[in-house]
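Me: Could you take a close look at the ligand site in this structure and walk me through what surrounds the ligand? I'd like one connected picture.

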Amino acid sequence: MTIRSVPGSEGHQLRRAVCPGSFDPITNGHLDIIARASKLYDVVHVAVMINKSKSGLFAVDERIELIRQVTAEFGNVEVESFHGLLVDFCKQRDIPAIVKGLRAVSDFDYELQMAQMNNGLSGVETLFVPTNPTYSFLSSSLVKEVAAWGGDVAHLVPPVVLEALTERLAKER
Ligand SMILES: Nc1ncnc2c1ncn2[C@@H]1O[C@H](COP(=O)(O)OP(=O)(O)OP(=O)(O)O)[C@@H](O)[C@H]1O
Ligand SMILES: [Mg+2]
């Protein structure tokens, strides 16, 4: 029996995946998914979505800087912003796979729709990683809301993010 080589594994061709999101700011839930993807792929691109109609708590450049700091230890994560279609981002960088975390069934309908749309548009595959149960309730919005009311979010975000969040919310008060 001949074993076919796995496409993408031949010598020089790096296997790439993208983790897209708004990351306003990055949470331990995002970080867990990126860390797991970074073990499965040679290069993980983190794509920070630019949403012109939504300003966010942190500017896109600030989000990128925070993600860079907390993913530096993985050694194979590249962080960039993007606007437009995710499938175009993938095409331009030869990325065949999108990796997304699935928190609960509430994520599923929308994620399934997007995955099918993206696959139909360009053939890109979406792989779902089940959330670490510790973070299944966690979102950037919830972190911002809890922190804004003085709640403790130290266990939900990396220390540099906590610091940035505390500083930003103090300014906004
Ligand atoms: N707690 C989490 N566990 C696993 N994956 C997550 C978690 N939070 C977000 N993700 C993943 O990150 C992707 C990008 O999410 P997004 O930027 O919308 O983050 P969010 O935390 O849901 O923020 P927001 O509250 O602004 O919607 C999601 O599609 C999901 O795959
Ligand atoms: Mg979300």
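Reply: Happy to. Let's begin with the annotation: an unreviewed UniProt entry lists residues 18-145 as "domain: Cytidyltransferase-like". Keep in mind that what you see is a predicted model. In this model the span 18-145 is 45% helix and 23% strand, and its end C-alpha atoms lie 27 Å apart.

Now to the ligand itself. Ligand 1 sits in the largest pocket. The elements that each contribute two or more residues to the shell around it are β1 (16-21), α1 (28-40), β4 (97-102) and α5 (140-148). Of these, α1 provides the largest share, with three residues. In total, 17 residues surround ligand 1, and the closest are Ser-22, His-30, Gly-101, Ser-140 and Ser-141. Sorted by class, the shell holds nine polar, five nonpolar and three charged residues.

For the polar contacts, a side chain and two backbone positions are worth a look. His-30 places a polar side-chain atom 2.8 Å from an oxygen atom of ligand 1. From the backbone, an N or O atom of Leu-138 lies 3.0 Å from a nitrogen atom of the ligand. Phe-23 also takes part through its backbone, with an N or O atom 3.3 Å from a ligand oxygen atom. As for burial, ligand 1 on its own has 600 Å² of accessible area, and the protein covers 86% of it.

The record can be set beside this picture. UniProt, again in an unreviewed entry, gives the annotation "binding site" to Ser-22, Lys-54, Leu-86 and Lys-100. The lining of the largest pocket includes Ser-22, Lys-54, Leu-86 and Lys-100, and that pocket is where ligand 1 sits. Ser-22 therefore turns up in two ways: it is annotated in the record, and it is among the residues closest to the ligand, those with a heavy atom within 4 Å being counted as near.

Finally, the loop between β1 and α1 deserves a slower look. Ser-22 is found there, and so is Phe-23, the residue with the 3.3 Å backbone contact to the ligand. Pro-25 lies in that loop too. What is the backbone geometry at Phe-23 and at the peptide bond from Asp-24 to Pro-25? Phe-23 has a phi near 50°, a positive value in a residue other than glycine. The peptide bond from Asp-24 to Pro-25 is cis, with omega near 0°. Both features stand out because most residues other than glycine have a negative phi, and most peptide bonds are trans. If you inspect the model by eye, this loop brings together an annotated residue, Ser-22, and a backbone contact to ligand 1, from Phe-23.

Note on methods: Residues are numbered from 1 along each chain as its sequence is written. Chains are lettered from A and ligands numbered from 1 in the order in which they are written. This is a predicted model: local features need pLDDT of at least 70, side-chain atom pairs count only at pLDDT 80 or more; totals for chains, interfaces and linings use all residues. Side-chain values use heavy atoms; hydrogens and water are left out. A polar contact is a pair of N or O atoms within 3.5 Å; within protein, one must be able to donate a hydrogen and the other to accept it, and residues adjacent in sequence count only if both atoms are side-chain atoms. Accessible areas come from the Shrake-Rupley method with a 1.4 Å probe; for residues, only the protein chains shown count as cover. On a 1 Å grid over the protein atoms alone, a cavity is a set of points where a 1.4 Å probe fits but cannot get out, and a pocket is an open set with protein on both sides within 12 Å along at least five of seven lines; lining residues have an atom within 4 Å of a point. A molecule sits in a cavity or pocket if more than half of its atoms lie within 2 Å of its grid points. Helices (H or I, at least four residues) and strands (E, at least two) are DSSP runs, numbered from the N terminus. Ala, Val, Leu, Ile, Met, Phe, Trp, Tyr, Cys and Pro count as nonpolar, Asp, Glu, Lys and Arg as charged, and the others, Gly among them, as polar. UniProt positions are given in the numbering used here, feature names are shortened, and annotations may be inferred rather than shown by experiment.
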